[in-house]
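Visitor: I would like a close look at a single part of this model, followed by whatever helps to place that part within the whole.

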Amino acid sequence: MLDVRRLQVLRAVVTSGTVTAAAAHLGYTPSAVSQQVAALEKQAGTKLLERVGRGVRPTPAGLLLTEHAALISSAVAQAESALADLRAGRIGTLSVRYFATAGSTLMAPALARLRAEHPGVRVDLELADPEDPFQEVARGRADLAVVVQARGRAGDGFRLVHLLDDPYMAVLPLGHPLANREVIDLHELAGEQWVGSEPPGPCLEPVIDSCAAAGFSPDFVIRSEDYATAQGFVAAGLGVGLMPRLGLRGRHPGVVVRPVRNPEPVRVISAVARETALDQPALRGLLSALRDAASTEPPTGAAPH
């Protein structure tokens, strides 16, 4: 392979017209420049310069390599400029994963701010199951993910940033005997039939664990993995449910939502990122925007309107 540094020496000689002038431009001795050109000629297998009076001129092979040396120099300059833009957060791509209820409440405002602050950064955004986003980061397929119940899952090489605690609320049909209560003790739902709204995994665990702490296991008679559909089942009188506050932004007119206590089920929502990806200003900006979006959420225990 031709030596790139020697190609640039050849280019300096051809551009300046003499070995002495090229040496002065490069900060080398004329002898060192001649040695570099001789070594390049040996690599190329042909003469690259010929003497003309007190100067030199390129042979056809020398002119060809000089033109390519100029292209290489331009490409290196472009690479340096692009690297500077990347390090400054002016360009680049972020691979981001999230789960459904974090989309409109956390991810949408955070991405809007990211676009305003880093307009040249592209975002590869993908919806994933609550259980899956962390694995996308762990396997190197995503730079950042918004995840549920990630405490204890992130190890060396990952940064875990707490965003918010998302409490579960009791969702009751209109006219339910507990509908007039301001707060419901969880054990009061022990004898009810239940509408499930979570698949097995980190979003269901707080419900199961809290019910167990209250002395019972919920009797799921019907299940849906969609909060809007689950609310419809509750409104139809098929059962009661516990659903996270973020999932109750669009509330069905046929249900009543009340806080729960003793205990209050809560899912922990965090952002997880690879430590190596935190060198990117855009990623740090997205983390900051996510924290700010989470801080605008109502306080824990507040019922949605």
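Is the crossing of α1 and α2 left-handed or right-handed?

Guide: The crossing of α1 and α2 is right-handed, with the caution that this model is a predicted one. Two packed helices are described by the angle between their axes and the distance between the axes. Here helix α1, which covers residues 4–16, and helix α2, which covers residues 19–26, pack with their axes 8 Å apart and at an angle of about 125 degrees. Because angles of 65 to 115 degrees count as roughly perpendicular and those over 145 as roughly antiparallel, α1 is classed as oblique to α2. On the α1 side the contact is made by V9, A12, V13 and S16, and on the α2 side by V19, A21, A22 and L26. Sorted by class, these residues comprise 7 nonpolar, 1 polar and no charged ones.

To place the pair within the whole, one may turn to the nonpolar cores. In the largest of them, which has 48 residues, the members that touch the most others are L106, V146, L189, W194, L242, L286 and L290. Two or more residues come from each of β3 (92–98), α5 (100–117), β5 (144–148), β6 (158–173), α7 (205–213), β12 and α9, and α9 gives the most, with 8 residues. Apart from this core lies another, of 16 residues, whose members include V9, L40, L48 and L49; V9 is also one of the α1 residues that make the contact with α2. As a general background, nonpolar side chains in soluble globular proteins tend to be buried together.

Within the largest core, L242 deserves a closer look: beyond its neighbours within four places in sequence, L242 is in contact with Y168, M169, A170, L186, L189, W194, S197, V207, V260 and P265, and of these L189 and W194 are themselves listed with L242 among the members that touch the most others.

Two further residues show contrasting surroundings. Q231, in helix α8 (residues 227–235), has a relative accessible area of 1% and is therefore buried; leaving aside neighbours within four places in sequence, Q231 is in contact with M243, G247, L248, G250, R251, H252 and V255. T276, by contrast, sits in the loop between β12 (266–274) and α9 (281–295), and its 59% relative accessibility means that T276 counts as exposed. To return to the helix pair, V19 of α2 takes part in the contact with α1, and the C-alpha atoms of V19 and T276, which are 257 residues apart along the chain, are separated by 46 Å.

Technical notes:
Residues are numbered from 1 along each chain as its sequence is written. This is a predicted model: local features need pLDDT of at least 70, side-chain atom pairs count only at pLDDT 80 or more; totals for chains, interfaces and linings use all residues. Side-chain values use heavy atoms; hydrogens and water are left out. Helices (H or I, at least four residues) and strands (E, at least two) are DSSP runs, numbered from the N terminus. Buried means under 20% relative accessible area, exposed over 50%, partly exposed in between (1.4 Å probe, protein chains only). A nonpolar core is a set of buried Ala, Val, Leu, Ile, Met, Phe, Trp, Tyr and Cys residues joined through side-chain atoms within 4.5 Å. Contact means heavy atoms within 4.5 Å. Axes are lines fitted to C-alpha atoms, for helices over the stretch in contact, and angles run from 0 to 180 degrees between N-to-C directions. Angles under 35 degrees count as roughly parallel, over 145 as roughly antiparallel, 65 to 115 as roughly perpendicular and the rest as oblique. A crossing is left-handed if the near helix is turned anticlockwise from the far one by less than a right angle, and right-handed if clockwise. Ala, Val, Leu, Ile, Met, Phe, Trp, Tyr, Cys and Pro count as nonpolar, Asp, Glu, Lys and Arg as charged, and the others, Gly among them, as polar.
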